[in-house]
Amino acid sequence: MWIAQEFSRIGLSPADSTWFRGFTAASGEKGRNVIGILGGTDVPRRRYIVVCAHYDHIGTLGRTLYPGADSNASGVVSMLSLAELLSRDGKSYAHSVLFVALDAKEHGMGGSKELVRLLQAGAVTDPETGTPVTLRSIDLMVNIDQVGGTSEPLASGRKDYLMMLSDERTGRRQNLIAANRAGPQMDISFSYYGSKDFTNLFYRKAADQKAFLEAGVPSVMFTSGITRYNNKPLDRPDIIDFDILSRRIRLMYLYLAGIL
């Protein structure tokens, strides 16, 4: 409910008059995606960017709380911050943006699979045009998954780093390089710690952009990587470097603004 309230406060519009889309994951778990739309200026052509972050986590097991501050509250906060920046910066963007808080990532990536299914079926309607949002109308999917950590820097050892995993041809890497040069000037990488195998794992198999890639939609993943706090009670807000998280959000915003 809180995410939907934030979507409303920011000024996004719900698709089909509802923020929520319920589904059942393959594991049998019930889930609910939250979808908000920021309309662009090119109404006749209507092209879209999809920005996602999963909001589910382990929760509570027995009497032990697993807070999930980095994985993936950091991604949800980033997504909401991007929505607010793009909706309030006074610029007019040709693209429209679907902001989606995904459920059931921890249950076979059920939320992203359901979102792709809805888009394939034309079951998400743009409230401004009354027309379906389809996979063919999406130019890029951006997945934000765990971007608050600083304990596992890249080879340089700098804590102000960010990885963007993407296909070299469709990931708009030059956009990120230009945005970084003009803005935060962070330590960026297009691989997962230089490993081809782990890059392939996290880009193509183990995160929510997988369903979009399999459907032929160009996709990117922003992450600061897995840390020793993952899936542990220690994944609390006090492990987050909020200054660096803010700079990462700024970089992602400049990247998106350059594409929109």
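Leaving aside its neighbours within four places in sequence, which residues is Ala69 in contact with? I will start there, with the reminder that what we have on the screen is a predicted model, and then go on to the helix packing, the cores and a few backbone details.

Ala69 has its place in helix 2, and, once the neighbours within four places in sequence are left aside, its contacts are Ser74, Asp235, Arg236, Pro237 and Ile240. With a relative accessible area of 11%, Ala69 is buried. If you look across to Tyr229, which is 160 residues away along the chain, you will find that the C-alpha atoms of Ala69 and Tyr229 are separated by 9.6 Å.

While we are at this part of helix 2, please look at the peptide bond that joins Ser71 and Asn72, which is cis, with omega at about 10 degrees; Asn72 is itself found in helix 2. Most peptide bonds are trans, and I would therefore keep this one in view when reading the model.

Now to the packing of helices. Two packed helices are described by the angle between their axes and the distance between the axes, and I will take three pairs in that way.

For helix 1, residues 2-10, and helix 2, residues 69-88, the axes come within 10 Å and cross at roughly 15 degrees. Angles under 35 degrees count as roughly parallel, and helix 1 and helix 2 are therefore roughly parallel to each other, with a right-handed crossing. On the helix 1 side the residues in contact are Trp2, Ile3, Glu6, Phe7, Arg9 and Ile10, and they meet Val76, Met79, Leu80, Ala83, Glu84, Ser87 and Arg88 in helix 2. Sorted by class, this contact has 8 nonpolar, 1 polar and 4 charged residues.

Helix 2 also packs against helix 7, and here the axes come within 10 Å and cross at roughly 50 degrees, so that helix 2 and helix 7 are oblique to each other; this crossing is right-handed. Helix 2 contributes Ser74, Ser78, Ser81, Leu82, Leu85 and Leu86, which meet Leu245, Ile249, Met252, Tyr253 and Leu256 in helix 7. The residues of this contact divide into 8 nonpolar, 3 polar and no charged.

The third pair is helix 4, residues 173-182, with helix 7: the two pack at an angle of about 125 degrees, their axes 8 Å apart, and that makes helix 4 oblique to helix 7. The crossing of helix 4 and helix 7 is right-handed. Asn175, Leu176, Ala179 and Asn180 in helix 4 meet Leu251, Leu254, Tyr255, Gly258 and Ile259 in helix 7, and by class these are 6 nonpolar, 3 polar and no charged.

That brings us to the interior. In soluble globular proteins, nonpolar side chains tend to be buried together. In this model the largest nonpolar core has 48 residues, of which Phe7, Val51, Leu82, Phe99, Val142, Phe222 and Tyr255 touch the most other members. Helix 7, residues 242-259, supplies the largest share of this core, with 10 residues. A second, separate core has 21 residues, among them Ala15, Ile37, Val100 and Leu135.

Of the residues just named, Phe99 deserves a moment: not counting residues up to four places away in sequence, Phe99 touches Phe7, Leu12, Val34, Ile35, Gly36, Leu38, Val51, Met79, Leu82, Ala83 and Leu86.

Back in helix 7, which is where Ile244 lies, is this residue buried or exposed? Ile244 is buried, because its relative accessible area is 6% and anything under 20% counts as buried. Not counting residues up to four places away in sequence, Ile244 touches Thr150, Lys159, Asp160 and Met186. One of these, Asp160, is 84 residues from Ile244 in sequence, yet the two are 5.9 Å apart in space, C-alpha to C-alpha.

I will end with two backbone details. Most residues other than glycine have a negative phi. Met109, however, is not a glycine and has a positive phi of about 55 degrees; its place is in the loop between strand 7 (96-102) and helix 3 (110-120). Gln185, likewise not a glycine, has a positive phi of about 55 degrees, and its place is in the loop between helix 4 and strand 10 (187-189). As to burial, Met109 is buried, with a relative accessible area of 12%, whereas Gln185, at 53% relative accessibility, counts as exposed.

Notes: Residues are numbered from 1 along each chain as its sequence is written. This is a predicted model: local features need pLDDT of at least 70, side-chain atom pairs count only at pLDDT 80 or more; totals for chains, interfaces and linings use all residues. Side-chain values use heavy atoms; hydrogens and water are left out. Axes are lines fitted to C-alpha atoms, for helices over the stretch in contact, and angles run from 0 to 180 degrees between N-to-C directions. Helices (H or I, at least four residues) and strands (E, at least two) are DSSP runs, numbered from the N terminus. Angles under 35 degrees count as roughly parallel, over 145 as roughly antiparallel, 65 to 115 as roughly perpendicular and the rest as oblique. A crossing is left-handed if the near helix is turned anticlockwise from the far one by less than a right angle, and right-handed if clockwise. Contact means heavy atoms within 4.5 Å. Ala, Val, Leu, Ile, Met, Phe, Trp, Tyr, Cys and Pro count as nonpolar, Asp, Glu, Lys and Arg as charged, and the others, Gly among them, as polar. A nonpolar core is a set of buried Ala, Val, Leu, Ile, Met, Phe, Trp, Tyr and Cys residues joined through side-chain atoms within 4.5 Å. Buried means under 20% relative accessible area, exposed over 50%, partly exposed in between (1.4 Å probe, protein chains only).
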